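Work through the exercises below with the coordinates open. Each task is followed by a stepwise solution.

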Amino acid sequence: MHLRVPRPRSLAGQLFAMQAVLIAVVVAGYALFTYISDRGQAQDAAGRQARAVSLAIADSPSVLEAIRTPDPTARLQPYAVRVMRDTDVDFVTIMNPEGIRWTHPDPEQIGRPFRGHIERAQRGQTFTETYTGTLGPSVRAVTPVRDGDRVVGLVSAGIKVEEISKRAQEQLTALLGVAAGALLLGAVGTYVINARLRRHTHGMNADELSRMHDYHQAALHAVREGLLMLDGQYRVALINDGGRELLDVTGDVVGASVADLGLPAQLTGALLASEPRVDEVHLTDRRVLVVNTSPVSGGERRGTVVTLRDVTELQSLMGELNSERGFTQALRSQAHEAANRLHTVVSLIELGRAEEAVDFATAELELAQALTDQVVAAVSEPVLAALLLGKTAQANERGVELVVSQDSRLDDGLLPPSLPARDLVTILGNLVDNAVDAAQGRVPSRVTVAAYTETAGGEDVSGAESAVGGSELVLRVSDTGTGVDPAHAELVFQRGFSTKPAGEGGRGLGLALVSQAVQRHGGTLTVTEADGGGARFEARLPLDDPGGRAPAPGVLAGRPESGGVI
């Protein structure tokens with residue numbers, strides 16, 4: 001047998017119960033206070049009424065005239081009865097100065113002593129009191145009847161406490177009706193408000209809401225991806241640690257507008273867009289981000305949920321993979337060409353033309369070796385040398401001649417740890433790919449690559465000692481294409497800008513990645529017109545090691561008089 005543990009009441013239910021009890025207590029307290037107050041007011045009103053009646057009787061000339069007669073009761077008893085009926089008091093007693101009754105509602109009490117205090121009235125004062133007489137507890141007033149300066153009689157008029165209670169009870173009945181109406185109205189209003197609250201809290205109780213908040217906070221800080229929530233006015237409503245890191249924002253940005261975060265224009269435009277964005281690639285100064293946006297709506301726009309993923313490393317690896325893929329394709333093509341040449345050599349030998357076969361094979365070997373020697377002699381840094389060899393073969397397949405400038409030299413061991421080979425592959429690989437695309441189909445179809453170092457002031461580097469402090473790596477790629485419109489000199493480095501037709505995966509990302517990598521290392525990237533037409537892209541990267549280490553001795557060689565060799 002399973003015992004079902006009752007689920008705690010929801011937050012809305014708890015609030016409803018609390019508010020209902022509170023309203024009931026307030027209404028009951030108000031009713032009790034009003035009843036006590038009304039009862040006191042009723043007693044005060046009864047005292048004032050009795051005082052007014054007794055004073056009116058004491059001042060009546062007919063009363064004074066009746067007192068002067070031998071039998072005052074004969075005339076005063078009918079008069080007192082009429083006054084009681086007309087003024088709605090319970091008794092009117094007229095007595096002599098010693099307190100012997102001349103009138104009374106009960107005729108049998110006439111002639112007997114008055115029950116109550118009369119001393120003050122005998123001294124000429126009018127007063128009120130609550131006293132229990134022959135008719136029970138009553139609020140009464142006693143006043144003297146004067147004949148000149150002499151007190152010739154006393155008048156007492158009163159209202160029984162029982163009658164006062166009836167009056168207060170009638171008021172209490174009306175008050176309870178009003179209180180019940182107020183309680184009902186308050187209960188209905190509280191139910192409506194809490195029904196709305198129940199919908200917003202999904203019927204959860206306070207402990208569940210508290211736990212959900214704790215889980216929510218823990219999840220926000222644990223997720224590595226960036227999460228950004230914007231309200232209907234595109235202000236930051238929430239941002240987690242990953243979002244702060246990916247967007248490189250500091251301080252309290254909650255409540256700030258997206259336009260004030262200092263983000264790149266295209267990324268800001270994506271966050272401000274009303275339509276959803278799916279897996280859009282955007283670049284910041286340091287990162288490549290994949291952005292997804294989803295509007296939050298419930299009849300009206302309530303805000304936007306933005307997720308951010310860092311694909312900087314993935315993009316760099318994809319660049320390296322593309323370069324390796326191009327190199328592999330070039331090797332496959334060269335293997336195919338080598339097989340054709342080998343068949344030619346074999347055919348010449350079978351035809352008995354051995355000497356011609358040797359000459360043909362030697363010429364082909366010298367040509368391939370000369371190309372390799374040219375690249376390695378100019379750039380002995382292994383990663384860039386492999387990249388240039390692959391790009392040379394790849395360009396050759398597309399009918400483009402890739403030339404490594406004779407004034408280039410980049411020795412192995414030159415690059416400091418702060419300048420990883422991956423970023424160099426990103427920079428030089430994308431510049432060469434764009435140049436080959438631009439030069440393809442042109443006459444002549446040529447791409448020229450130059451790589452060297454020089455001091456920041458532009459002076460030639462003559463040795464390792466001169467390279468300490470302020471040396472720069474210069475990567476220059478020129479093509480014989482149509483060139484870049486000067487009006488677009490700044491736009492070409494923005495993501496999405498391209499003069500080529502859109503292909504699979506989109507266009508306009510390569511130069512933006514180059515610009516990002518150059519800026520990340522504190523360098524500069526410019527585009528100008530090449531000497532023979534076309535475009536010339538030049539990237540300058542500082543070679544100073546952030547750790548304060550200078551390049552090893554002997555890794556920098558001076559440029560010859562031609563001005564381009566390192």
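Helices here are DSSP runs of H or I with at least four residues, numbered from the N terminus. The model is predicted.

**Exercise 1. Take stock of the fold.**
State how many helices and strands the protein has, and what share of its residues is buried.

*Solution.*
- Step 1. Count the elements: 13 helices and 14 strands.
- Step 2. Apply the burial cut-off, under 20% relative accessible area. Of the 566 residues, 40% pass.
- Step 3. Look at the surface. About 31,100 Å² is exposed, and carbon and sulfur atoms supply 55% of it.
- Step 4. Check the contact range. Take contacts between residues at least 6 apart in sequence; 58% of them join residues at least 24 apart.

**Exercise 2. Examine helix H13.**
Which residues of H13 are buried?

*Solution.*
- Step 1. Locate the helix: H13 covers residues 510-520.
- Step 2. List the buried residues: Gly510, Leu511, Ala512, Leu513, Val514, Ser515, Gln516, Ala517 and Val518.
- Step 3. Draw the conclusion. Nine of the eleven residues are buried, so H13 is largely enclosed by the rest of the structure.
- Step 4. Read on past the end of the helix. Just after H13, Gly522 has a positive phi of about 70 degrees.

**Exercise 3. Describe how H12 packs against H13.**
Give the angle, the handedness and the residues of the contact.

*Solution.*
- Step 1. Fit the axes. H12 and H13 lie 9 Å apart, at an angle of about 145 degrees.
- Step 2. Assign the hand: the crossing is left-handed.
- Step 3. Collect the contact residues. H12 supplies Asp423, Thr426, Ile427, Asn430, Leu431 and Asn434. H13 supplies Gly510, Leu511, Leu513, Val514, Ala517, Val518 and Arg520.
- Step 4. Sort the contact of H12 with H13 by class: seven nonpolar, four polar and two charged residues.

**Exercise 4. Repeat the analysis for H11 and H12.**
Are the two helices roughly parallel or roughly antiparallel?

*Solution.*
- Step 1. Place the helices: H11 spans residues 382-397 and H12 spans residues 421-439.
- Step 2. Take the geometry. The axes come within 10 Å and cross at roughly 20 degrees.
- Step 3. Compare with the cut-off: angles under 35 degrees count as roughly parallel. H11 is therefore roughly parallel to H12.
- Step 4. Assign the hand: H11 passes H12 in a right-handed crossing.
- Step 5. Name the contact residues. On H11 they are Val383, Leu384, Leu387, Leu388, Lys391 and Ala395. On H12 they are Ala421, Leu424, Val425, Leu428, Gly429, Val432, Asp433 and Val436.
- Step 6. Sort the contact of H11 with H12: eleven nonpolar residues, one polar and two charged.

**Exercise 5. Inspect some backbone details.**
Where do Asp88, Asp248 and Pro444 lie?

*Solution.*
- Step 1. Asp88 sits in the loop between H3 and S1. Its phi is near 60 degrees, a positive value in a residue other than glycine. Asp88 is exposed, at 52% relative accessibility.
- Step 2. Asp248 sits in the loop between H7 and H8. Its phi is positive too, about 55 degrees, although Asp248 is not a glycine. Asp248 is exposed, at 57%.
- Step 3. Pro444 lies in the loop between H12 and strand S11. A cis peptide bond joins Val443 to Pro444, with omega about -5 degrees.

**Exercise 6. Place Thr93.**
Is Thr93 buried or exposed?

*Solution.*
- Step 1. Find the element: Thr93 belongs to strand S1.
- Step 2. Read the relative accessible area, 2%; Thr93 is buried.
- Step 3. List its contacts, leaving aside neighbours within four places in sequence: Arg101, Thr103, His104, Phe114, Leu154, Val155 and Ser156.

Definitions and conventions:
Residues numbered from 1 in each chain as written. Predicted model: local features only at pLDDT ≥ 70, side-chain atom pairs only at ≥ 80, totals over all residues. Heavy atoms only, no water. Buried < 20%, exposed > 50% of the residue type's maximum accessible area, 1.4 Å probe, protein only. Contact = heavy atoms within 4.5 Å. Areas by Shrake-Rupley, 256 points an atom, 1.4 Å probe, with all protein chains shown as cover. Axes fitted to C-alpha atoms, helices over the stretch in contact; angles between N-to-C directions. Parallel < 35°, antiparallel > 145°, perpendicular 65-115°, else oblique. Left-handed = near helix turned anticlockwise from the far one by under 90°. Nonpolar A, V, L, I, M, F, W, Y, C, P; charged D, E, K, R; others polar.
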